[in-house]
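This briefing walks through selected side-chain interactions, topic by topic, and is meant to be read beside the sequence and the coordinates.

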Amino acid sequence: MSQSEHKYVIEEQIGYLLRRVYYHHLSIFQQSLDETRLTSVQFAVLYAINKLQECSQKELIEDTGIDQATIRGIIQRLKDKHLISQDADLNDKRKVLIHITTQGKAELDLAIPIAETITDTTLKALNPAEKVALQFLLKKILSDK
C-alpha cells in the first residue's frame, strides 16, 4: 500500500487536534486578557513564581515545562514590567532567586478570574462530565511522560 493509498487523515491525529485546540484557547486567552499586560505564557510563569514563592530558573522550568531559552525571555519581560524581581541566593551566590513583586501580585489577582473564565469559554462545548473526563485524560497523558 503506497502513502497516497494509506488512509491517514491528519485532522484525526491527536497532535493536530491538540494544536488546534491550543491555538483556539490562546486566541480566547489573548482576547480576554487584553485588560492585563500578560500573555498566556507570562501568566503561567507569574502564577508559578507566586505559587513557588521563591524559585530558581531551573525550578521554574520544572514547574512550567517551558524550555530554558524561552523562560529566560519571559523572566526578562516580567522583570521589565516590574512584576518579578531577581536576587542572589544568600546561601549560594551563583544562584539567582526569582520573586513576585507587589505589582506582580496585583496583576495576577486581576488575571486569575479572567483565566477561569477563559477555561470556561474554551470548554463551553462540553457538558460537565466531558469537562471532567477531558481534564482527567490530559493529566493522565502528562503523568506518563
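What follows covers the salt bridges, the aromatic pairs, two aspartates and one helix. The model is predicted, and this should be kept in mind for every distance and accessibility quoted below. Across the whole structure, a search finds 3 salt bridges and 3 aromatic pairs.

**Salt bridges**

- Asp63 and Lys51 form a salt bridge in which the closest N and O atoms are 2.8 Å apart, and this pair links distant parts of the chain, since Asp63 belongs to helix 3 (residues 57-64) and Lys51 to helix 2 (residues 40-52), 12 residues apart.
- Both ends of that bridge have intermediate accessibility: Asp63 is partly exposed, with a relative accessible area of 31%, and Lys51 is likewise partly exposed, at 47%.
- Within helix 3, the side chains of Lys58 and Glu62 meet in a salt bridge, with 3.0 Å from N to O; because these two residues are 4 residues apart in the helix, about one helical turn separates them.
- That spacing fits a general property of the α-helix, which has 3.6 residues a turn, so that residues three or four places apart point the same way.
- Lys58 counts as exposed because its relative accessible area of 59% is over 50%, and Glu62, at 55%, is exposed on the same criterion.
- Asp92 forms a salt bridge with Arg94, the closest N and O atoms being 3.1 Å apart; here Asp92 is partly exposed, with a relative accessible area of 24%, whereas Arg94 is exposed, at 76%.

**Aromatic pairs**

- Among the 3 aromatic pairs found in the structure, Phe29 and Phe43 form a tilted one, with 5.8 Å from centre to centre and 55° between the planes.
- The Phe29 and Phe43 pair links distant parts of the chain, with Phe29 in helix 1 (residues 14-32) and Phe43 in helix 2, 14 residues apart, and both residues are buried.
- Phe43 also pairs with Tyr47: the ring centres are 6.3 Å apart and the planes lie at 35°, so this pair too is tilted.
- Phe43 and Tyr47 are 4 residues apart in helix 2 and are therefore separated by about one helical turn.
- The two partners in helix 2 differ in accessibility, because Phe43 has a relative accessible area of 11% and is buried, while Tyr47, at 40%, is partly exposed.
- Taken together, Phe29, Phe43 and Tyr47 form one aromatic cluster.

**Asp87 in strand 1**

- Asp87 is placed in strand 1 and, with a relative accessibility of 38%, counts as partly exposed.
- The C-alpha atoms of Asp87 and Ile98 are separated by 6.6 Å, although the two residues are 11 residues apart along the chain.
- When neighbours within four places in sequence are left aside, Asp87 is in contact with Lys95, Val96, Leu97 and His99.
- With one of these contacts, His99, the side chain of Asp87 makes a polar contact through the side chain of the histidine, at 3.3 Å.

**Asp89 in the following loop**

- Asp89 lies in the loop between strand 1 (84-88) and strand 2 (96-100).
- Although Asp89 is buried, it has no salt bridge, and the nearest side chain of opposite charge, that of Lys95, is 4.2 Å away; this distance falls outside the criterion, because a salt bridge requires the nitrogen and oxygen to be within 4 Å.
- A polar atom of the Asp89 side chain does, however, lie 2.8 Å from the backbone nitrogen of Asn91.
- Not counting residues up to four places away in sequence, Asp89 touches Lys95 and Leu97.

**Helix 6**

- Helix 6 (residues 128-143) has 16 residues and reaches 23 Å from its first C-alpha to its last, which is close to the 22 Å expected at 1.5 Å a residue.
- Of those 16 residues the number buried is 0, and helix 6 therefore lies largely in the open.
- At the start of helix 6, a side-chain oxygen of Asn127 comes to within 2.9 Å of the backbone nitrogen of Ala129.

Technical notes: Residues are numbered from 1 along each chain as its sequence is written. This is a predicted model: local features need pLDDT of at least 70, side-chain atom pairs count only at pLDDT 80 or more; totals for chains, interfaces and linings use all residues. Side-chain values use heavy atoms; hydrogens and water are left out. Buried means under 20% relative accessible area, exposed over 50%, partly exposed in between (1.4 Å probe, protein chains only). Lys and Arg count as positive and Asp and Glu as negative; His and the chain ends are not counted. A polar contact is a pair of N or O atoms within 3.5 Å; within protein, one must be able to donate a hydrogen and the other to accept it, and residues adjacent in sequence count only if both atoms are side-chain atoms. Contact means heavy atoms within 4.5 Å. The expected span of a helix is 1.5 Å times one less than its number of residues. Rings of Phe, Tyr and Trp (its six-membered ring) pair if their centres lie within 6.5 Å; planes under 30 degrees apart count as stacked, over 60 as edge-to-face and the rest as tilted.
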